[in-house]
Amino acid sequence: MSFFLDSVIMFTSQVLFFGCGWLFFVRQLFKDYEVRQYVVQVVFSVTFALCCTMFELIIFEILGALSSTSRYFHWKLNLYVILLVLIFVVPFYIGYFVVSNIRLLQRQRLLFACVVWFTFMYFFWKLGDPFPILSPKHGILSIEQLISRVGVIGVTLMALLSGFGAVNCPYTYMSYFLRNVTDSDILALERRLLQTMDMIVSKKKRIAMTRRQMYQRGEDQNKQTGFWGMIKSVTSAPSSNLSLIQQEVDALEELSRQLFLETVDLQATKERIEYSKTFQGKYFNFLGYFFSIYCVWKIFMATINIVFDRVGKTDPVTRGIEITVNYLGIQFDVKFWSQHISFILVGIIIVTSIRGLLITLTKFFYAISSSKSSNVIVLVLAQIMGMYFVSSVLLMRMSMPLEYRTIVTEVLGELQFNFYHRWFDVIFLHFHNTMHCLSLSSTF
Amino acid sequence: MASLDRVKVLVLGDSGVGKSSLVHLLCQNQVLGNPSWTVGCSVDVRVHDYKEGTPDEKTYYTELWDVGGSVGSASSVKSTRAVFYNSVNGIILVHDLTNKKSSQNLYRWSLEALNKDSSPTGVIVSNGDYDREQFAESTVPLLLIGTKFDQIPENKRNDVLTRNTFLSEDFNAEEINLVGWVISERGIRMHNYSLTGFTDRKRFNFKNLHYD
């Protein structure tokens, strides 16, 4: 009876998450495009719902809600379905839509989509070779094999995203890095842009007029072929003049594009300066300093972890409680508080990571999508989101006290969790350093 | 050449509707082989004989300013785009007949071009409901062009044309559906579909197209 009740609760929450994913898709991601293939929307919402269910199960684990057998069952079920979606459904549809965009292969779309999917599976499997994942106890298609590979990809993504966030954060939040842009700078650039456009227009007018005159005289510039044609085109003055002007026009057009982009940049900087003077801006500036310190600490910890070859054994919650109890001498009910604090901590991590990921994905989507590729990009984003969340569950294990780690350990089997943490630190550090070098070199 | 008057026409519309292809076709009499994204603005010029054959004949340079980007761009992009909107003689609004959103976005494009877009983020306060008052005092002529008609399956063509009629009425604009192009000696002729139930559509020969 209780199992049935629990299942009903889980199911309703899943439907709720599905609705949220749908809304997000329609309102944010696809607000400028028309949804022609509903499959894409469904797949995205399903992935989102499954990821949120996973987090929900962790929260239930901490809170002790629902009976533990039903939790275990739902964990297993959810994990199987998520793996199915991430490894079979989404890559297949990505291949299908990519193939649909290519004109040549339109006829046998399904066939080529299957080919693409098999290639993906091959590389996915090969991914496991250089890492200490394979243990002979488990069969080929066991859950550990699949999860371990998904975990590797997901952890890499997490590290990349955190590295990117860690670098981007100080630059966007803090006003220290903003160049000083005045209105006159922008006006000067705009004037240059318009002047360039006018020059392009006048040259094109000359080309058009010359062409028209030549046309009226009966010559057709484009049809000069053969030996005599070449001789003719060399000796006739207007045509060589024409190609010269055309080259100048091409150069000017390139210049106009550069100027346009520079002006956009300056306008964006000016707006950021204005924003930083508002109350919200000042608040974010303040936050920026905090984040920078946090990022520096994180880099420091990552370096230490790698250099001294150590993985943190205890989680922050227990450590914090230990410190308060031992050093500050405050006595309180450890069990009670550890549950609540870890719940809050894990909840914050989950919410911020979901929100952060969705915002990043949206920005990314706006930047690179076009009407043709929007389907493919949304599916790729769904794949990234799924892998990211699965591996964040893996890594979150470290933030939880021992008694709550059991379910994750039980379900995911004998994964080498320490490996993932090490891998995260390595990638994070490398990426962070590269990004910093690049950003600093571009600012100064 | 300097004595010829200039006519500046903006070509606006969402990404990928076919503005660059259209401009290229109008000015170079050729189909654009490899369309790519327009960054900023690309201009092309067409020499046009206004009222040809009459004593009032005058040759104009029609500048077609093809502005790239989408309606939902960042406000920095919008402010930069605004420099192209000065002293405009006419606006061509292009939308993709296979994509409803591009037709809906035309309202926002026209507002942006006519400088009536008051909020920098481009969110229209009236929630997408068209407000004719905005266009009442504007004297800039508008032309609506719908592209990719041939990519619509046969059974949906009627609906699309009906929708277009409402759209062009809202804008009080002329309407052309670009289907097949025949490049003949003296310019570009265009075929129109004449369907029963619709009022007689004019056949436009581009050499005679003029802006009132």
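At 38% relative accessibility, Glu254(A) counts as partly exposed, and its story is a good way into this predicted model. The side chain of Glu254(A) meets that of Arg257(A) in a salt bridge, 3.2 Å from N to O. Arg257(A) is also partly exposed, at 30% relative accessibility. Because the two residues are 3 apart in helix α8 (residues 237-277) of chain A, about one helical turn separates Glu254(A) from Arg257(A).

**Salt bridges**

How many salt bridges does a search of the whole structure find over all chains? The count is 7. Here are three of them, with their N to O distances.

| Pair | Distance |
|---|---|
| Glu254(A) and Arg257(A) | 3.2 Å |
| Glu112(B) and Arg81(B) | 3.0 Å |
| Asp44(B) and Lys204(A) | 3.8 Å |

Let us take the pair within chain B. Glu112(B) and Arg81(B) form a salt bridge whose closest N and O atoms are 3.0 Å apart. Glu112(B) belongs to helix α3 (residues 100-113) of chain B and Arg81(B) to helix α2 (residues 75-81) of chain B, so this contact ties together parts that lie 31 residues apart in sequence. Are these two side chains buried or exposed? Glu112(B) has 7% relative accessibility and counts as buried; Arg81(B), at 0%, counts as buried too. The cut-off behind both calls is a relative accessible area under 20%.

Elsewhere, salt bridges with shared partners join Lys204(A), Glu253(A) and Asp44(B) into one network. Within this network, the side chains of Asp44(B) and Lys204(A) meet at 3.8 Å, N to O. Their salt bridge crosses between chains, running from strand β2 (residues 41-50) of chain B, which holds Asp44(B), to helix α6 (residues 183-216) of chain A, which holds Lys204(A). Asp44(B) and Lys204(A) are both buried.

**Chain B and its first helix**

Stepping back to the whole of chain B, you will find 5 helices and 8 strands. Along the sequence they follow the pattern β-α-β-β-α-β-α-α-β-α-β-β-β. Of the 212 residues in chain B, 49% are buried.

Helix α1 (residues 19-28) of chain B is mostly covered, with 8 of its 10 residues buried. The buried residues of α1(B) include Leu22(B), Val23(B), Leu25(B) and Leu26(B). Lys19(B), Ser20(B), His24(B) and Cys27(B) are also among the buried residues of α1(B). Just past the end of α1(B), Asn29(B) adopts a positive phi of about 55°.

**Helix packing and a nonpolar patch in chain A**

Two packed helices are described by the angle between their axes and the distance between the axes. In chain A, helix α2 (residues 38-63) packs with α3(A) at an angle of about 155°, and their axes are 10 Å apart. An angle over 145 degrees counts as roughly antiparallel, and α2(A) and α3(A) are therefore roughly antiparallel to each other. The crossing in which α2(A) passes α3(A) is left-handed.

Which helix gives the most to the nonpolar patch? That is helix α3 (residues 68-101) of chain A, with 4 residues. The surface patch is formed by Phe3(A), Phe73(A), Leu77(A), Tyr80(A) and Val81(A), and together these have about 450 Å² of accessible area. One of them, Val81(A), has its place in helix α3 of chain A. Val81(A) is partly exposed, at a relative accessible area of 30%.

Notes:
Residues are numbered from 1 along each chain as its sequence is written. Chains are lettered from A and ligands numbered from 1 in the order in which they are written. This is a predicted model: local features need pLDDT of at least 70, side-chain atom pairs count only at pLDDT 80 or more; totals for chains, interfaces and linings use all residues. Side-chain values use heavy atoms; hydrogens and water are left out. Patches are made of residues with over 30% relative accessible area and no salt bridge: like charges are joined within 9 Å, nonpolar side chains (Val, Leu, Ile, Met, Phe, Trp, Tyr) within 5 Å. Accessible areas come from the Shrake-Rupley method with a 1.4 Å probe; for residues, only the protein chains shown count as cover. A salt bridge is a side-chain nitrogen of Lys or Arg within 4 Å of a carboxyl oxygen of Asp or Glu. Buried means under 20% relative accessible area, exposed over 50%, partly exposed in between (1.4 Å probe, protein chains only). Axes are lines fitted to C-alpha atoms, for helices over the stretch in contact, and angles run from 0 to 180 degrees between N-to-C directions. Angles under 35 degrees count as roughly parallel, over 145 as roughly antiparallel, 65 to 115 as roughly perpendicular and the rest as oblique. A crossing is left-handed if the near helix is turned anticlockwise from the far one by less than a right angle, and right-handed if clockwise.
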